[in-house]
Amino acid sequence: MLTITEHFYTQGEAAVIIGVERHTIARWVASGRLKAQRVGGIVFIERSEVDALTEGKVPASHGDR
């Protein structure tokens, strides 16, 4: 059985990995820059989005922007 942590990071985890403040992640989620899911009041960021940013690629959510 897969767990949510295998596919998503919390906002705090994403902030540490990318090297920005947590509120920056929150702004990026609100603006649509990062894809996220809300579960029980917790915001989870797709790992693929974080990985794309750390690899210098444009995340999938930026596709046509």
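In the predicted model, the elements of the protein chain follow the order β-α-α-β-β-α from the N terminus. The chain thus holds 3 helices and 3 strands. Of its 65 residues, 31% count as buried. Among contacts with a separation of 6 or more, 50% are between residues 24 or more positions apart. The accessible surface of the protein chain amounts to about 4,300 Å², and carbon and sulfur atoms contribute 53% of this area.

Helix H1 spans residues 11-18, and its buried residues are Gln-11, Ala-14 and Ala-15. Viewed down the axis of H1, these residues fall within an arc of 100°, so they line one face of the helix. Such an arrangement accords with helical geometry: an α-helix has 3.6 residues a turn, so residues three or four places apart point the same way. The buried residues of H1 pack against E1, H2, E3 and H3. After H1 comes Gly-19, with a positive phi near 90°.

Gln-11, in helix H1, is a polar residue of this set that merits separate description. Its relative accessible area is 8%, and Gln-11 is therefore classed as buried, the cut-off being under 20%. The side chain of Gln-11 forms a polar contact of 3.0 Å with the side chain of Arg-22. With neighbours within four places in sequence set aside, the residues in contact with Gln-11 are Arg-22, Ile-25, Ala-26, Val-29, Val-43 and Ile-45. Of these partners, Ile-25 and Val-29 also belong to the buried residues of helix H2.

Helix H2 comprises residues 22-31, and Thr-24, Ile-25, Trp-28 and Val-29 are its buried residues. They cover an arc of only 140° around the axis, and so are placed on the same side of H2. The cover over these buried residues includes H1, strand E2 (36-39), strand E3 (42-46) and H3. Just after H2, Gly-32 adopts a positive phi of about 90°.

Helix H3 extends over residues 47-54. Its buried residues are Glu-49, Val-50, Ala-52 and Leu-53. Seen along the axis of H3, they lie within an arc of 160°, so one face of the helix is lined by them. Strand E1 (8-10), H1, H2 and E3 are the elements against which the buried residues of H3 pack. Gly-56 follows H3 and has a positive phi, near 80°.

Two residues of H3 were examined individually. Ala-52, which lies in this helix, has a relative accessible area of 10% and is accordingly buried, since this value is under 20%. The C-alpha atom of Ala-52 is separated by 9.9 Å from that of Ile-18, although the two residues are 34 residues apart along the chain.

Glu-49, also placed in H3, is buried yet has no salt bridge. The nearest side chain of opposite charge is that of Lys-35, at 4.7 Å. A salt bridge requires a separation within 4 Å, and the pair Glu-49 and Lys-35 is therefore not counted as one. The side chain of Glu-49 does, however, reach the backbone nitrogen of Lys-35 at 3.4 Å. Lys-35 is thus involved in both descriptions of Glu-49: through its side chain, as the nearest opposite charge, and through its backbone nitrogen, as the atom reached by the Glu-49 side chain.

How values were computed
Residues are numbered from 1 along each chain as its sequence is written. This is a predicted model: local features need pLDDT of at least 70, side-chain atom pairs count only at pLDDT 80 or more; totals for chains, interfaces and linings use all residues. Side-chain values use heavy atoms; hydrogens and water are left out. Helices (H or I, at least four residues) and strands (E, at least two) are DSSP runs, numbered from the N terminus. Buried means under 20% relative accessible area, exposed over 50%, partly exposed in between (1.4 Å probe, protein chains only). Lys and Arg count as positive and Asp and Glu as negative; His and the chain ends are not counted. A polar contact is a pair of N or O atoms within 3.5 Å; within protein, one must be able to donate a hydrogen and the other to accept it, and residues adjacent in sequence count only if both atoms are side-chain atoms. Contact means heavy atoms within 4.5 Å. The arc is that of the directions from the helix axis to the C-beta atoms. Accessible areas come from the Shrake-Rupley method with a 1.4 Å probe; for residues, only the protein chains shown count as cover.
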